[in-house]
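Biologist: Could you take a close look at the charged side chains for me? I'd like the salt bridges and the surface patches in one go.

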Amino acid sequence: MNSIKSVPARVLSRRGGHSLEAEREQFDKSQAISISKAINTQEAPVKEKHARRIILGTHHEKGAFTFWSYAIGLPLPSSAILSWKFCHVLHKVLRDGHPNVLQDCQRYRSNIRETGDLWGHLHDRYGQLVSIYTRLLLTKISFHVKHPEFPPGLEVSDEVLEKTAGTDVNNIFQLTVELFDYLDCELKLSESVFRQLNTSMAVSQMSAVQCRLAPLIQVIQDCSHLYHYSVKLMFKLHSCLPVDTLQGHRDRFHDQFRSLKNFFKKASDMLYFKRLIQIPRLPESPPNFLRASALAEHVKPVVVIPEEAPEDEEPENLIEISTTSTTEPQITSDLFEQTFGPPNGVWDDRDAQIESLKKELDTLRAEMEKIKLEAQRYITQLKAQVNSLEGEVEEQRKQKQKALVDNEQLRDELERLQRVKQDSDRSQRLCAEAEKKASATEIRYTKLKEKHSELINTHAELLRKNADTAKQLTVTQQSQEEVARVKEQLAFQVEQVKREAEMKLEDQSVQMEQLRQELDARREELDQAQRSLSQAKQAGVELSAQVEALHAEKEVLRRSVSEKECELLSTRSLMEEKELQLSQEADKATREIRELQGKLLEKETVREAEEILRDAVAKLDDPLHIRCTSSPDYLLSRAQAALESTDALESGHAQYVASMADAAGLVGALALFAHLTADTIVNGSATSHLAPTDHADRLTELCRDCGQQSLHYLGELKDRQRLGHAELGNVRRALQGVLHLAQELRPKSLDIRQEELGDMVEKEMASTSEAIEAAVRRIEEMMSQARNESSGVKLEVNERILNSCTDLMKAIRLLVTTSTNLQKEIVESGRGAATTQEFYAKNSRWTEGLISASKAVGWGATQLVESADRVVLHTGKYEELIVCSHEIAASTAQLVAASKVKADKSSRNLARLQECSRNVNEKAANVVASTKSGQEQIEEKDTMDFSGMSLIKLKKEEMETQVKVLELEKRLEGERVRLGELRKQHYVLAGGCDAVDDAEDPRPAPAPRRGILKKPPIAQKPGHGEPQRDTGPCPPPGAKV
């Protein structure tokens, strides 16, 4: 017996108890066992408990060092299934492991790439999947290393996504492209797996199929997050960049959306996934990135992993030996005794055992060296094969590239030939159309040529008259210039004479002054010189003679000045007469020109008016016009405007008859009359398409008569002889007939006083809420009664139906409450300074639609409760509940539509109302589903046993059954026809309900007992009580539709 000293120090150190090294070794053993059980060559899915232990191990050691230390030793090149399960476990570790796992995996990227490249060159079904899976893992590692904000589980909030994207458009653009690449790798893996399953026609419950399907659970989790982030970033890109720039992004996203929707649909149909994961449903169409408000409609797809039942833990060996020697059980069982001694304290000969173990260890080491050498040679051979295969692949890639280039050239040539063929066909069609147009143009040209010759003749006469007038104006201008020159000459002569007379008068005054001075001197000299007396007298006589001569000359000059003034006055009067004559001639020429222009304008206006009216009358028989519809109210407004335009036309006609030169009033009134009358005729025809048969025929005939009378009146205007006798009496009578018939066609509900509309809305909403509350209470009473009177399957069915009806009533109550809040918001935002009643009166159409929708909801709730009561008491039919559920869904849709008309698109109450509407639809669908399932449980199906019948008896029974089938089909067809007639009659009577009756009894009346399709007078079918808003008035003639 050997001494204890010969025991190795490693063994002695373990006797100290639970040290860190012992815990580490135990951890390594458990990880090795889990990895070996999770990653093996069995074609079965990885068990969740083994993968969970591996993931917990990464959190325990805060990394994946232990996992990779065992993973790199796995013989991945020897088995494709082993490599596939390795990729699956690595994917789960990346998603759910410790955050430091990503950095540890980054160090072993080359190992992952080598495994994918190896299996990608081999023609193995699992090998191709391994190649695609490794590319996905490499893409995942690269993306998360580059963007550490995104954890490998891809669960981040929208705020983190916005922060990561930032405000730089280039960063957003690059991040979107990387997300698209990431999603492409995920979708390619799913498509490859499903392609192999479709080829082998596998069943998802087989272990071999589940081995391929198991990794798709992680793919579904990744795809849901990637799709949501792609939608967010695409909307952000469209808010920053032009639409044309992002066309490629939109096309790529649409392709990924279709692939992802197809992937989710296939996975949802498989039983394997139904118990492991809840797959979200994508919308029917991709988001519209061109409309920014569509972002609010986007719903994030959420993947739910249900809670798993705890699996039975399998007993695990503490030590797992890979060799198959015969000494395995002995070594395993004696390990504890070798380390700590036998249980009874007796020490065996351990030295011999240690020596034997050492020899076995040396032998195993030698064998391991040989295996390594063989593996090295095998790896060298494989690398040589890989190099040769890569050369072949490169050659094939070149040939494929060449083939693609040739294919592209052939496709371009084919497209060019197709374009040439299309151009030739188009040219032929254009030639044929050009010939038709040429013939029509030639005919039109001949007509225009004749009209042009007439216009040329008329224009020539006008030019001649204009030339005569211009000549007269020229002569008049010349005479005026001559008179002006004569006037200037006379004025100059008069001025000259005035200046000469003034000069002569000044000379004479000077001479007189000198003479006076001389006379004074002479008089002074009289006293001094008497001798010169005689001379002085003689000088005095001479002076007096000179004075008389001067007076006479002054009188002559005065007479000549007066004569000149008379001549000037006569010349001025002559000039005024000439100016008056010229102005009269110019006025006459202007009047003649205006008369000619008025005649031309009158003829053109009458002709255009006739064309407008003929086009409107032709619409009465146009089959394409049948699709146009209008309302009696709009026809009433058009007919009233046309009738008022006849007064202006009559006054313009009277003014034109009184003065042919003034045609402006007649032309304007005639154009207005033609357009309004044509609009009345067209809208009358459109209104007749929705009117009853008798009213429609009368309205069509009245419109045709109105058009004929208007054309007759225009014909009288064109005739000069009958121009003064043209009257509008027949036209007025026809328009008044259209007006009266339009008033008859108006819905009788419009006769309600507008001040009562506001009170009616509040009463209807309040009565609807009360009806729903009463329905909820009644359902609760029925449920308690059913629990007391029923048991077993019937009790289960009744409880399920009544619970679904209760949920539906609660959803309807929430919808009515939300609709009331939205209605108050609409009134407060739209009424301004007006009262609530004035707002409802101003928007009477919308108010009546809201009242009708509220009535329909209340009636549907009452009818559903009564139908459920009859079903629980086994006196009714399950089909009644189904029809009532459909009616409630339609009524709530009408209420949402009526509330949505005037609501703001960004209103929170509107969003809540739409959400409540979707909830009501879901609850109604639940009622239908629970009803159908309960009907299947309650109704017993008779077993068909025909074994005791003879051949003749069977043939007879077959013929009788065929007869019954034909009878039932005939009866079904008759009932469908009857249902159609009932709906037509309901459409006719929808607007004829008496508003007074509605005011007297605002609550929904209970439905009759005999049938569920006949409704009480107070209720209206959704959509028939409100006025038509979609059709609108028919466009006037000449407008493009």
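Modeller: Helices here are DSSP runs (H or I, at least four residues), numbered from the N terminus. Lys188 is found in one of them, helix 10, which covers residues 169–200. Keep in mind that this is a predicted model, with pLDDT of at least 70 needed for local features and 80 or more for side-chain atom pairs, while totals for chains, interfaces and linings use all residues. Residues count from 1 along each chain as its sequence is written, and side-chain values use heavy atoms, with hydrogens and water left out.

Back to Lys188: together with Arg135, Arg195 and Lys266, Lys188 makes up a positive patch on the surface (over 30% relative accessible area, no salt bridge, like charges joined within 9 Å). Lys188 has a relative accessible area of 42%, so it counts as partly exposed (buried is under 20%, exposed over 50%, with a 1.4 Å probe and protein chains only).

There's a negative patch too, made of Glu495, Glu502, Glu506 and Asp507. Glu506 sits in helix 17, the run from 350 to 528. Glu506 counts as exposed because its relative accessible area is 52%.

Now for the charges that pair up. The whole structure holds 26 salt bridges (a Lys or Arg side-chain nitrogen within 4 Å of an Asp or Glu carboxyl oxygen). Helix 17 comes up again here: Arg426 bridges to Asp423, with 2.8 Å between the closest N and O atoms. Both residues lie in helix 17, three residues apart, about one turn of the helix. Arg426 is partly exposed at 37%, and Asp423 is also partly exposed, at 38%.

Helix 6 (residues 101–107) has a pair with that spacing as well, since Arg107 and Asp104 are three residues apart there, about one turn. Their salt bridge is 2.4 Å, N to O. The two partners differ in cover, though: Arg107 is exposed at 57% relative accessible area, whereas Asp104 counts as buried at 12%.

Last stop is helix 2, residues 20–38, where Asp28 and Arg24 are four residues apart, which means about one helical turn lies between them. Their side chains meet in a salt bridge of 3.4 Å, N to O. Arg24 is partly exposed, with 33% relative accessible area. This pair isn't on its own, either, as Arg24 and Asp28 are linked with Glu61 in a network of salt bridges.

How values were computed: Patches are made of residues with over 30% relative accessible area and no salt bridge: like charges are joined within 9 Å, nonpolar side chains (Val, Leu, Ile, Met, Phe, Trp, Tyr) within 5 Å. Accessible areas come from the Shrake-Rupley method with a 1.4 Å probe; for residues, only the protein chains shown count as cover. Lys and Arg count as positive and Asp and Glu as negative; His and the chain ends are not counted. The place of a charge is taken as NZ of Lys, CZ of Arg, CG of Asp or CD of Glu. Helices (H or I, at least four residues) and strands (E, at least two) are DSSP runs, numbered from the N terminus.
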